[in-house]
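Welcome, and thanks for taking a look at this protein with us. Please have the sequence and the 3D view at hand as you read the briefing below.

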Amino acid sequence: MKFTHTITRRATKKFSDDFLVNLIEASGNRLRFSGTIGVGPDVMALVDVMDASYRIIQSFRSPDLNALGWEVRWHSYGVEITKGKSKYVAMTWPIESWGRVSERQQMDMVSR
């Protein structure tokens with residue numbers, strides 16, 4: 001018995017040379033402005049990159065982002081992170097407690 005196997009090439013996603021861009025895009029662009037740390041003039045933003053299950057993949061402080069070459073701007077809605085032509089907005093949004101079923105999931109189960 002002879003087996004034949006055809007290999008087809010799929011288009012591969014081109015990754016950026018930037019660590020943060022790759023991390024954000026791999027997460028599905030789930031950025032969360034999780035808060036601030038500091039006292040007085042020394043206030044830092046905290047930004048989390050979340051996975052599809054809304055678990056934290058990586059956390060960054062604004063000085064970390066600056067060290068990676070990103071500029072962090074504060075706005076009333078959260079923070080804007082820019083570097084060259086790349087621009088992302090991180091806003092606050094709630095995270096459900098681990099193991100707790102969200103209101104949306106509860107409504108989906110009731111409607112079935």
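Asn 29 sits in the loop between helix H1 and strand E1 (31-39), and its phi is positive, at about 60 degrees, although Asn 29 is not a glycine. Please keep in mind that this is a predicted model. The mean pLDDT of the protein is 81, and the structure holds seven salt bridges along with four aromatic pairs.

**Two loop residues with a positive phi**

- Most residues other than glycine have a negative phi.
- Asn 29 goes the other way, with a positive phi, and its relative accessible area of 49% makes it partly exposed.
- Tyr 54 also has a positive phi of about 60 degrees without being a glycine.
- You will find Tyr 54 in the loop between strand E2 (42-50) and strand E3 (56-61).
- With a relative accessible area of 43%, Tyr 54 is partly exposed.
- The ring of Tyr 54 has company: the charged end of Arg 30 sits over it, 5.8 Å from the ring centre.

**How far to trust the model**

- Of the protein's residues, 79% reach a pLDDT of 70 or more.
- Where is confidence highest, and where is it lowest? Strand E5 has the highest mean, at 94, while helix H3 (residues 103-110) has the lowest, at 76.
- Over residues 5-12 the pLDDT stays under 50, and the model has zero contacts for them beyond four places in sequence.
- Where pLDDT is low, the predicted coordinates should not be read in detail.

**Salt bridges**

- Side chains of opposite charge can pair when their charged atoms come close.
- Lys 83 and Asp 18 meet in a salt bridge through their side chains, at 2.5 Å from N to O.
- This pair links distant parts of the chain, 65 residues apart: Lys 83 belongs to strand E5 (residues 78-83), and Asp 18 to the segment before helix H1 (19-26).
- Are these two partners buried or partly exposed? Asp 18 is buried, because its relative accessibility of 13% falls below the 20% cut-off, whereas Lys 83, at 31%, counts as partly exposed.
- Arg 61 pairs with Asp 64, and their closest N and O atoms are 3.0 Å apart.
- Both ends of that bridge are partly exposed, with 35% relative accessible area for Arg 61 and 24% relative accessibility for Asp 64.
- Another salt bridge brings together the side chains of Arg 73 and Glu 71, at 3.0 Å from N to O.
- Here Arg 73 is partly exposed at 37%, and Glu 71 is partly exposed at 39%.
- Which residues share one network with this pair? Salt bridges with shared partners join Glu 71, Arg 73, Glu 80 and Lys 87.

**Thr 82 and its surroundings**

- Thr 82 has its place in strand E5, the element with the highest mean confidence.
- Thr 82 is buried, with a relative accessible area of 14%.
- Setting aside neighbours within four places in sequence, Thr 82 is in contact with Gly 69, Trp 70, Glu 71 and Lys 87.
- Glu 71 and Lys 87, two of these contacts, are also members of the salt-bridge network.

**Aromatic rings**

- The model has four aromatic pairs. One of them is Phe 19 with Phe 60: their ring centres are 6.4 Å apart and their planes stand at 70 degrees, so the pair is edge-to-face.
- Phe 19 lies in helix H1 and Phe 60 in strand E3, so that distant parts of the chain, 41 residues apart, are linked by the pair.
- Phe 60 is buried, with a relative accessible area of 6%, but Phe 19 is partly exposed, at 46%.
- Phe 33 and Trp 74 form an edge-to-face pair as well, with 6.0 Å from centre to centre and 85 degrees between the planes.
- Because Phe 33 lies in strand E1 and Trp 74 in strand E4 (residues 71-75), this pair ties together parts that are 41 residues apart in sequence.
- Phe 33 is buried, with a relative accessible area of 11%, while Trp 74 is partly exposed, at 42%.
- A charge over a ring appears at Trp 93 too: Arg 32 lies over its face, 5.9 Å from the ring centre.

Technical notes. Residues numbered from 1 in each chain as written. Predicted model: local features only at pLDDT ≥ 70, side-chain atom pairs only at ≥ 80, totals over all residues. Heavy atoms only, no water. Salt bridge = Lys/Arg side-chain N within 4 Å of Asp/Glu carboxyl O. Helix = DSSP H or I, 4+ residues; strand = E, 2+ residues; numbered from the N terminus. Buried < 20%, exposed > 50% of the residue type's maximum accessible area, 1.4 Å probe, protein only. pLDDT = per-residue confidence, 0-100. Contact = heavy atoms within 4.5 Å. Phe/Tyr/Trp six-rings, centres within 6.5 Å; stacked < 30°, edge-to-face > 60°. Lys NZ or Arg CZ within 6 Å of the ring centre and 35° of its normal.
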